[in-house]
Amino acid sequence: MVDGCQGYGGTAESWGRADEAIALSRSRMEAGHPQALQFHARLLARHGRGDEAFDLLRPHIHDWSLAAALTDVADDAGRDDEAAALLAAQIPDEHRCDGPWCCRGLDPDTAVGLLATIRERQGRIDDAIALLRTRDNNSLNNQDQLADLLARQGRTEELHAYAATEPLGHAARRLAELLEERGDVEGAIAVYRHAGDASVCPGNVAVDLAQLLSRHGRVDEAVEVMRALADAPGGAEDWIVDMLCTLYADQGRPQDGLAYLDALKARRGEEEWELFWIRLPLMAACDRVDEAVEQTSYHPEGGTSYAVSHVARLLAGAGRLEEAVAALEPHSSANSHDLAGYLIDLGRVERAVVVLQQHSPKPPPPSPGPWHDSPPF
């Protein structure tokens, strides 16, 4: 859900009414609305008031999200040196966090990452790399900051060396992406094959490799990669099986995907919903929509709101919008957006609006009390 200050201020900004957006976001900030300070500061910076934004954020350097905002705002304000000094002061010489909850607020590893961002922006690339090498782990949200920096700077040899030692496979992915961008598809494939042997997440690496092969028309090889992964002990997880079956479908071989699911069900003696739903689009591709709907009704979870959404998607894909709407209406609260979309496709716009209004989440009440620039915040 969009934060209230973004919902009002962001809309005014998109309409070209920056002063009104700033006034609205300031009022939300002064009312203590969550995340309002960060939004207000970024809004100021976007409209030429970077110094004001920086000064507003500076007292809150100990909050990691506000420190990240300050790092961004410093660029607009031309105050990178000042931001760097503030961040450097948060990095002790000895201590390094050994877990995500070690330090409250701005932990040293996050401060290192933000400082490295500034150093790269200043053109001090070696300093940025040296900073990131002091961290035990540069990976966050399926990305690796050091690998991204090396790739941006074209430091391919260093990225090769880093990918050989980074255990999660994120650096290998970034290296493979870089090689693919340069037209070296075979080199990218070799990176993934080498990383898969050493990674603690071989499944992720195999998926990356299969996607690369598929992008370059080598779908048979992609299927082989995913089939080997799925057939390995413990490998038939739902997300892996889903990708394997998607590759079969993309090749025009939905029946092969169904045969694999049937064999897997026979081995396990059951088929939980996480695997059952994968067969539904395969059945639809074989012109077996009615059979897919019937089989869903027999599944123990077939009457749930999430199962019904899959059924509605099958029906809509077959051009049976009325039936899709009828399937979703008893579960309209959980599927309001899908239901509204099908109603709009049928020309029932007013009904779609009613559905969305009935089930739209209510915005949280503003926090009591004013926003303070000094503790306690």
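The chain of this predicted model has 22 helices and two strands. Of its 377 residues, 44% count as buried, and the accessible surface of the chain comes to about 19,600 Å², with 51% of that area belonging to carbon and sulfur atoms. Among contacts that join residues at least 6 apart in sequence, 48% link residues that are at least 24 apart.

Two residues, I91 and V353, illustrate how individual positions sit in this fold.

| Residue | Location | Relative accessible area |
|---|---|---|
| I91 | loop between α6 (80–88) and α7 (108–121) | 16%, buried |
| V353 | helix α22 (residues 349–359) | 38%, partly exposed |

I91 lies in the loop that runs between α6 (80–88) and α7 (108–121). With a relative accessible area of 16%, I91 is classed as buried, because the limit for that class is under 20%. The C-alpha atom of I91 is separated by 7.0 Å from that of V112, although the two residues are 21 residues apart along the chain.

V353, in turn, belongs to helix α22, which covers residues 349–359. Its relative accessible area of 38% makes V353 partly exposed, because this value falls between the 20% below which a residue is buried and the 50% above which it is exposed. On the surface, V353 joins I344 and V349 in a nonpolar patch, and the three residues together have about 240 Å² of accessible area. Membership of such a patch requires over 30% relative accessible area, and the 38% of V353 therefore meets that requirement.

How values were computed: Residues numbered from 1 in each chain as written. Predicted model: local features only at pLDDT ≥ 70, side-chain atom pairs only at ≥ 80, totals over all residues. Heavy atoms only, no water. Patch = residues over 30% accessible without salt bridge, like charges linked within 9 Å, V, L, I, M, F, W, Y side chains within 5 Å. Areas by Shrake-Rupley, 256 points an atom, 1.4 Å probe, with all protein chains shown as cover. Salt bridge = Lys/Arg side-chain N within 4 Å of Asp/Glu carboxyl O. Helix = DSSP H or I, 4+ residues; strand = E, 2+ residues; numbered from the N terminus. Buried < 20%, exposed > 50% of the residue type's maximum accessible area, 1.4 Å probe, protein only. Contact = heavy atoms within 4.5 Å.
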